Amino acid sequence: MQTDKIRKIVGVILLVSLMSLGFVKEVKEYVKLPNNMSVFESQHVSVQSSIPVNATQDAEEAFTVQKNSDGKTLDVHGKKAGEGAVVFDLAGFPVKKIGVNVLPDFKVIPGGQSIGVKLNTLGVLVVGHHQINTPEGKKSPGEIAGVQVGDIITNINGTKIEQMSDVTPFIQNAGKTGEPLDLVLTREETEVKTKLYPLKDENDRSFRIGLYIRDSAAGIGTMTFYDPKSKKYGALGHVISDMDTKKPIVVEDGQIVRSTVTSIEKGSNGNPGEKLARFSGDREVIGNITRNSPFGIFGELNQDISNGVNDEALPIALSNEVKEGPAKILTVVNNDKVEEFEVEVVSSVPQKFPATKGMVIKITDEKLLDKTGGIVQGMSGSPIIQNGKVIGAVTHVFVNDPTSGYGVHIEWMLNEAGIDIYSKQKQKVS
């Protein structure tokens with residue numbers, strides 16, 4: 001009995017000790033450390049703590065660990081693509097293990113050029129209803145058939161529809177025969193079928209379907225990066241939506257051309273500014289567009305392009321490497337000249353999964369502020385560079401503070417471009 005009592009007392013003491021350990025500052029600091037980190041070959045990632053750090057590694061061929069002179073910063077240096085772990089200890093006892101992924105070196109050429117964008121939709125996009133005059137009053141055949149703004153007409157009477165001119169012959173034929181149009185629509189990623197009866201407009205005696213449609217969209221933006229090996233590129237940093245429906249444009253294909261900035265409408269509180277630009281005179285296509293996503297537009301260039309400021313391939317920074325502090329952006333505010341401007345990274349979220357708005361940036365360059373008032377429409381996609389690395393792109397402006405706005409991390413744009421920076425590392429490990 002006495003022995004059991006002693007065991008219980010010792011157990012309680014141990015339990016209380018372990019529970020107390022959780023409140024020790026040093027233990028809390030170690031628990032806060034990330035569970036995993038990634039680093040590129042020939043680069044390093046710093047792990048900082050407010051307390052002295054001690055660590056050992058289990059994969060010297062993949063990376064090395066070096067403690068800085070302050071005793072509270074640990075540098076993990078990538079050597080060779082592979083995996084391993086760093087074990088942190090407290091008073092000789094292991095308290096935290098961090099997995100380390102060493103990725104193959106990867107570099108991109110930063111952009112900054114002003115580009116013209118032309119998107120061709122998948123089918124024809126319905127952007128509005130049109131009321132026509134009939135003997136029974138004003139009616140919209142499209143509205144009667146249940147066609148909604150934002151729908152995409154992809155097929156009529158079993159024939160694929162690719163452009164607006166494809167629609168007209170069907171309308172006139174249906175008007176003459178009295179037969180309805182069998183429409184196939186894409187609506188919110190679902191297929192919808194309906195029958196539409198064209199009606200004759202009393203004003204011009206022509207048959208109408210009562211719909212405003214469009215088969216392409218155009219605009220301007222800024223190139224963010226391209227991969228010198230594959231020629232894959234990313235631009236804009238945000239999705240292109242139709243100006244009427246406010247919905248993302250479903251792209252079948254598209255092209256990018258060079259553009260020239262003609263003037264700037266300066267931004268102010270409550271009134272975002274805008275770059276006014278035109279497609280360059282030669283209209284030479286410099287690349288295609290295969291994807292329009294929340295992270296920008298993507299495709300392949302058919303030629304190398306130069307910004308004249310920094311045409312050397314630069315390494316990229318993963319989201320966990322981006323720090324608050326000074327950075328630079330590359331963009332055009334006059335003609336086609338790319339210039340470098342000072343900005344500040346106000347905050348950055350070390351995102352584990354693809355997401356937009358990963359950074360908040362503020363324009364600090366007096367020259368740019370004087371010219372534009374801050375971030376303006378058309379500046380989206382301007383690459384952000386920090387400590388010699390491409391960290392992301394400008395995306396949105398704060399309406400009530402045009403000097404500030406959001407940025408997207410470069411690793412998510414690379415992913416959307418079809419560039420897997422982790423693939424070679426996975427292959428080597430397997």
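1. In this predicted model, Phe-225 touches residues from several parts of the chain: leaving aside residues up to four places away in sequence, its contacts are Val-108, Ile-109, Pro-110 and Gly-111, then Lys-232, Tyr-233 and Gly-234, and finally Ile-410, Met-413, Leu-414, Ala-417 and Ile-419.

2. Phe-225 also belongs to the largest nonpolar core, which has 46 residues, and is listed there among the residues with the most contacts inside the core, together with Phe-106, Ile-316, Ile-329, Ile-384, Leu-414 and Ile-421. At least two residues of this core come from each of the strands β20 (251-265), β26 (325-334), β27 (337-348), β28 (359-363), β29 (383-386) and β30 (389-398), and likewise from each of the helices α5 (366-372) and α6 (410-416). As general background, nonpolar side chains in soluble globular proteins tend to be buried together.

3. Several of the strands that supply the core also take part in a barrel, in which six strands close in the order β26-β27-β28-β31-β30-β29 with antiparallel pairing. From one strand to the next, the twist averages 40 degrees.

4. Within the barrel, β26 and β27 run antiparallel and are joined by nine bridges, and Gly-325 stands opposite Val-345, a residue of β27.

5. The strand β30 deserves a paragraph of its own. Eight of its ten residues are buried, so that, by the criterion of under 20% relative accessible area, this strand is mostly covered. On one side, β30 is joined to β29 by four bridges, the two strands running antiparallel, with Gln-386 standing opposite Lys-389 of β30. These two strands form a hairpin with two residues between them, and Asn-387 in the turn has a positive phi of about 50 degrees.

6. The pairing of β30 with β31 (residues 401-409) is likewise antiparallel and involves six bridges. Phe-398 has Asp-401 in β31 as its bridge partner, and β30 and β31 form a hairpin with two residues between them.

7. A further sheet should be described separately: this open sheet has three strands in the order β2-β5-β4, and the pairing is antiparallel. Its edge strands, β2 (44-48) and β4 (63-67), each pair on one side only, and neighbouring strands of the sheet are turned against each other by 20 degrees on average, with direction ignored.

8. In that open sheet, five bridges join β4 to β5 (residues 73-78), the two strands running antiparallel, and Val-65 stands opposite Val-76 in β5.

Notes
Residues numbered from 1 in each chain as written. Predicted model: local features only at pLDDT ≥ 70, side-chain atom pairs only at ≥ 80, totals over all residues. Heavy atoms only, no water. Core = buried A, V, L, I, M, F, W, Y, C linked by side-chain atoms within 4.5 Å. Buried < 20%, exposed > 50% of the residue type's maximum accessible area, 1.4 Å probe, protein only. Contact = heavy atoms within 4.5 Å. Pairing = 2+ DSSP bridges. Axes fitted to C-alpha atoms, helices over the stretch in contact; angles between N-to-C directions.
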